[in-house]
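Please look over the model shown here, and then read the notes that follow on an interface between chains and on nonpolar packing.

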Amino acid sequence: MHTADAPDPTSGALGPILARADALYHDLTLSAVREHKEAHGAKAIGCLPIWAPRELVDAAGMLPVGLHGAGDRVEVIRGDAYFQSYICQIPRSTIEVALTGRYDLLDGFLFPAICDVIRNLSGMWKILFPGKLSRYVDVPQNFDPAVGGAFFARELRALAEDLSALSGRPVTDEALHASIARYDENRRAIGELMALRERAPHKATASESYLVIRAGDVLPVEEHTAFVRAYVAAAEASDRKPRDHTRVVVTGAFCEQPPLGLIRTLERAGTYIVWDDMTLGARWPEGDVEGEDPDPFVALARAYIARSPATASRYEPSGEKGVPLARLTHKSRAEGVIFAAPSFCDPALLDQPMLTGALDREGVPWTAFKYAENLGQFQVIREQAGTFADSIRLWSDR
Amino acid sequence: MTSEADAIQKEPSMLVQKAMIAEHYEKLAHAKELGKKVVYTFVPGNLTELMNAFDVLPVYPEINALSSAMRQKAGRYIAEAERLGHSEDVCTYVKCDIGMKRQGNVGPTGQPLPPPDLLLLSYTGCFTFMKWFELLREEYGCPVVMLHTPYQGDGEITDNMRRYVVEQLEREVIPAFERLTGTRYDEDRLKAAMAKSAQAEDDMVAVLESAKHRPSPIDAYFGGVYYIGPMFTAFRGTAGAAEYYAQLRREVGGRVASGEGPITPEGPMGEQRYRLVVEGPPNWTNFRELWRMFHEEGAVVVASSYTKVGGFYDQGFRHDASRPLESLADYCMGCYTNRSLPQRLDLLERYVRDYEADGLLINSVKSCNSFSAGQLLLLREIEKRTGRPAGFIETDLVDRRYFSAANVKNRIESYLQMIGEKRRSRGARGARGEEVRP
Amino acid sequence: MKVYVGIDLGSTTTKAVMIDEGEQVLGRGITNSRSNYELAAAIARDEARVSARFTLLERELGEAPELARFRTRLAKAFRKQQSLTQLAAFRDLALEEAGADRVAAIRAPLTAAVRRVLDGMKERVEKPSLLEGGAPAKTSDFFRDRAAADYAKLAEQIQDRTVRFDDLMGIFDKAILRVENTELDLSFAGNVGAAIEEATRGLDPSVGERGRGAVLRVAEIPLDVGCVIGTGYGRQTLPFPREDIRSEILCHGLGAHHQFPLTRTVLDIGGQDTKAIQVDGDGVVTSFQMNDRCAAGCGRYLGYIADEMSLGVHELGPIALESTRTVKINSTCTVFAGAELRDHLSNGQRREDILAGLHRAIILRAMALLARSGGVEEELTFTGGVANNPAAVEALRALVRENYGERTLNISPGSIYTGALGAALFGRRGLEARELAA
């Protein structure tokens, strides 16, 4: 549904880009992945949120595929049979999609350490799909390069061996360096997109950026890099006019994703989302990996240790909970923070009081609500976000 | 420990345990005068021998939370935490602990608990632990030392995982204790404690395995909670714990010899009509009521996974003084909730068979995703593998709002009657000369 | 003759079923569950006993049309006689309430008005149209409902400025509560005499004589109750020994199997809970799953929706069937039901399309429970109040087809009695087993 508040998505060069992004997002059968596999005779590996070492998959000659649940696009029956009502939605839809054969084309799955639910899902996968590679990726919570970093580098090597065994192509240092370079480039392109959002959020809207970044779930990395840059160029060139919207940061949505309708609802309620953590994995680590260490495994591990973004599933050794969020808010010139967490998300919800405490100390206004990826009605959230945006506009000195 | 527990404690071993606990809380109450440092830490993967080697006093927030629930104080504490902005959705142990702290931090014995000098975040088998101590760090403003315990995602402890934990012990945890106490790490003290642990562990395993007898002399879930108490908390590696388990083993041995069942809060158990394996933590707000529901139907628990959360001993692991840090690492990574779902499944299957159980009953608690996510798959797989029925009840750890007595009772009764009817039906078919599936 | 009775004490209604030695249903009874469970059980049981006499009478009279006509007349006259008994009791209590001190200010006019209402009610009951003539109006089986409808209608006509409608209804509320808690003689023996007189009036005397003879013979048959088994949520409060109580899960399984012997899966959606049950070839439950604490997707959810739309709950299904384009509803959470509904209405969605979506959403929840319990591999029987809702049945049929392929879906018109029937069957089989053992 198109309303006067939303930029016209079909105008100019943006039209075809957004149409493609939208089609990729809605295609639960992963036909882009199928086409890639057929064209290159390659295998594909599904990667759950938040961050997975996609460089290793790529270096082993396989396509990493980002899995972010099925949103509001499937009816969940089998998935519900495996989870109690107090568990979040993403594992349900993930199992539903898998049990209905739509992940059959994936040859393996990586389950990064993010919470107990995704962790246990990795074991469920081993039981339900014994023929598939399924690996839990334990990321270090000790941030001493000599301890956590060394452990992680060794873990990555072991994972690379498993991936190589599946693809038949060894992960050589050269191949991994090349993959890292491709992903560094991709992260730079996404960084340009994020910078445009920060600079001119009326040109690169949050919902569009979201779709464009999510296209990286299924596209080969170089193709996605070009795709992101094409969008940035087209958005920059558009003649969209700024509105009197409130600049906000949205946080808490790093794993189970809000439905697209919810992101659009926030925009229609009068906000410019200048930063969010919805696609955090694609922007992780911050900055280049290459250059951390001549050994590419060590480089990946070190980059993780040194430059991971602050998020709920990562331990914060500094003791400064919420400080990175406050800093980010100031840096992006956001006027408020919206905490959008999935229902029953222990990491995001337990983090929240610490983060809001830090924002209160800094005088940053915030509001909070919960969602599920298959949420069907946005009325209450629209009113809440609208009131929040209005109150900031009314009471700020700008 | 509590008035409810008082009614349960009837055997000499229980009195020994009670005295140990009272003494520990007494020491905590006077930690400052005694010049003792206080370390808060978690039950799974706890480094008790190491803490004892540094002569610090441990406090276990989970134990505080569950004992608050048994004393019916948890509701107030949880409400306090929710008032502070915590979501209704999240772990109630955390909320209960935070609420308790905000309302004076009064421990199970009615004496206030000292604040921590150090938070030892032994992060074993539960992501929420990490959030919990980040929250406590803000409450107390004290240092935290993190011990990241890698998960057995592929069902094994690799050399890399062990090395990582040992390096963290050497480079983070032990230096943190040295800084805290001003004393040097004395490996001989650690080794001596670990040797004592192993001795008590032998006795505890014998007690848990006594449930293979018919009738079972113990209840390995409700009763088991008391049996694991000293081993899972401040006392492992102490002379007191060794004495307790030796005493307990004698008592249980006596019951085996005389063919007696466990003593329950409702008195000695009568005919044991159903033998069950239970998966999942107990509910603490209605602990005794839930036990009574089992007792009334003649159901005895012969094995449980909960009695393995703070250490996994019945599959051969013992604290090993000859390789102290490696052994501590293996202990941490071996706890039940640090094991993969396939490992948990194998284990539950083995329990159902080895303990000749009629089936598996799962108590799914709302608070604990580490336990609960995947339990419905475990249920289905156990039925498939053993041909014995699995039952499912839903409660919470310490939040009364999630305990519906009528609902739980209905499910337990239905489950047990189903086992009874199946048995009868098999008997009838056997009498008719039809084939009977085991 | 030996008979067996099953009583299902549900959260809203109490049902009784009486069966004979050959496991044929003789009689059924239903009443509102009330605070006095024992009385509700007694009333349902007595009604089943009366209904059994009519079944026996049917067997005695055979197929001849003139005798069948006698039987129909007798049944109507009998009901009228029961109604008069109930009405007489109600009358005494209502007049007593009208004379109470509470309403002293308007005592005289109130008493007069109540008397007029009561006279009007009696007139309605005695109307000859009850005996003869076309299709009887669809009235409730419960005296409370029939009386309430008549009373309210008359009260509306009779109210005036002194005695207002609310005054009159106040008397009704007090009196009906008391009459429901009074044990009345509604038995066959106590009411059939007058009913025969009325039923034979105007009939061919020879038919009348044969009918009267048959009634007297049937009245003489001793109904020797071998066993009463209780089930349902209120079963704990039934005045039965423990061994005579069965879980409603087991009773539903056995009852459904008895009605449809090829059933292997039973889905029961009641007011407060949903159950998915798997049974074997003997009707023995092999696994079951129930909804959790959250009542989303149960009958009560439809109640909320009906209230929200100002419709009767029985109107929802037929309206939903008119849908041409089902709206996708994601939440069956009772808390959000209203908001989501209003959201869709304000978006211009048609009422029937929204309702179709709501019914599908409810059945989706049930499908998850079915999947949890083991799926739908063979015949499925749908029971409980929601099984009377045609849109729910259609949604179930469609979703079972989509997920499991073509399956036979059984729905019994007496599905509400399934649990009580299962209980009666347990009674007969249990007694048989006991006698065999002895």
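Between chain C and chain B about 2200 Å² is buried, with carbon and sulfur atoms giving 47% of that area; buried area is the accessible area (1.4 Å probe) that two parts lose on being put together, summed over both. This is a predicted model, in which local features need pLDDT of at least 70 and side-chain atom pairs count only at pLDDT 80 or more, while totals for chains, interfaces and linings use all residues. Residues are numbered from 1 along each chain as its sequence is written, chains are lettered from A in the order in which they are written, and side-chain values use heavy atoms, with hydrogens and water left out.

**Interface of chain C and chain B**
- Chain C brings 25 residues to the contact and chain B brings 26, where contact means heavy atoms within 4.5 Å.
- One salt bridge is found across this interface, joining the side chains of C:Arg246 and B:Glu421 at 3.9 Å, N to O (a side-chain nitrogen of Lys or Arg within 4 Å of a carboxyl oxygen of Asp or Glu).

**Nonpolar cores**
- The largest nonpolar core, a set of buried Ala, Val, Leu, Ile, Met, Phe, Trp, Tyr and Cys residues (under 20% relative accessible area, 1.4 Å probe, protein chains only) joined through side-chain atoms within 4.5 Å, has 321 residues, and among those touching the most other members are A:Leu106 and B:Phe294.
- Leaving aside neighbours within four places in sequence, B:Phe294 is in contact with residues including B:Phe222, B:Leu276 and B:Ile412.
- Another core, of 40 residues, lies apart from the largest one and includes C:Met309 and C:Leu409.

Technical notes: Buried < 20%, exposed > 50% of the residue type's maximum accessible area, 1.4 Å probe, protein only.
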